[in-house]
Amino acid sequence: AEANDDRALMRFEFMEIIVRLAIAKYGKGVETDDVSDAVDILVRKNIQPHLCPEAALDCNLFRRDRLYYEEMDDIFLAHEP
């Protein structure tokens, strides 16, 4: 397909890899039989410790601090097309 270069992963393919790795490493009774728990364990033990600090930032921090106010809503509404 045009949307998927054979050397690239689609989002769903990446997620499938994460789930399959989690099941192989922590599922099937190794640490759990629950797939969502296996994914959680994989993320906590194998992914999070290797992320750069910026990846752990709260993505809504700017929105809560700067945007979610009545005054900002008024400004956006005044300039709405």
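Q: What share of the contacts in the protein with a separation of 6 or more comes from residues 24 or more positions apart?
A: In this predicted model, such residues account for 6% of the contacts with a separation of 6 or more.

Q: Which secondary structure elements does the protein hold, and how do they run from the N terminus on?
A: The protein has four helices and zero strands. From the N terminus on, the order is α-α-α-α.

Q: Why is the protein described as spread out or compact?
A: The radius of gyration is 20 Å, whereas the globule rule gives 12 Å for 81 residues. The value is well over that of the rule, so the protein is more spread out than a compact globule. Along the principal axes, the C-alpha trace spans about 55 × 35 × 25 Å.

Q: What makes a residue count as buried, and how many of the 81 residues, in percent, do so?
A: The cut-off is a relative accessible area under 20%. Of the 81 residues of the protein, 10% count as buried. The accessible surface comes to about 7200 Å², and carbon and sulfur atoms hold 57% of this surface.

Q: How many positive and negative charges does the protein carry, and how far apart are their mean positions?
A: There are 10 positive and 18 negative charges, and their mean positions are 9 Å apart.

Q: How do you know how many disulfides the protein has?
A: A disulfide requires two cysteine sulfur atoms within 2.5 Å. By this rule the count is zero. Cys52 is in no disulfide, and the nearest cysteine sulfur, that of Cys59, is 14 Å away.

Q: Why is Cys59 not bonded to Cys52?
A: The closest cysteine sulfur to that of Cys59 is in Cys52, at 14 Å. Set against the limit of 2.5 Å, this separation is too far for a bond.

Q: Why is Cys52 called buried, partly exposed or exposed, and what is the case for Cys59?
A: Partly exposed residues lie between the cut-offs of 20% and 50%. Cys52 has a relative accessibility of 44% and therefore counts as partly exposed. Exposed means over 50%; Cys59, at 61% relative accessibility, therefore counts as exposed.

Q: Where does Asp37 lie, and what makes this residue buried, partly exposed or exposed?
A: Asp37 belongs to helix α2, which comprises residues 35-47. The relative accessible area of Asp37 is 39%, so the residue is partly exposed. Asp37 and Tyr26 are eleven residues apart along the chain, and their C-alpha atoms are separated by 8.5 Å.

Methods. Residues are numbered from 1 along each chain as its sequence is written. This is a predicted model: local features need pLDDT of at least 70, side-chain atom pairs count only at pLDDT 80 or more; totals for chains, interfaces and linings use all residues. Side-chain values use heavy atoms; hydrogens and water are left out. Helices (H or I, at least four residues) and strands (E, at least two) are DSSP runs, numbered from the N terminus. The radius of gyration is taken over C-alpha atoms; the globule rule is 2.2 Å times the number of residues to the power 0.38. Buried means under 20% relative accessible area, exposed over 50%, partly exposed in between (1.4 Å probe, protein chains only). Contact means heavy atoms within 4.5 Å. Accessible areas come from the Shrake-Rupley method with a 1.4 Å probe; for residues, only the protein chains shown count as cover. Lys and Arg count as positive and Asp and Glu as negative; His and the chain ends are not counted. The place of a charge is taken as NZ of Lys, CZ of Arg, CG of Asp or CD of Glu.
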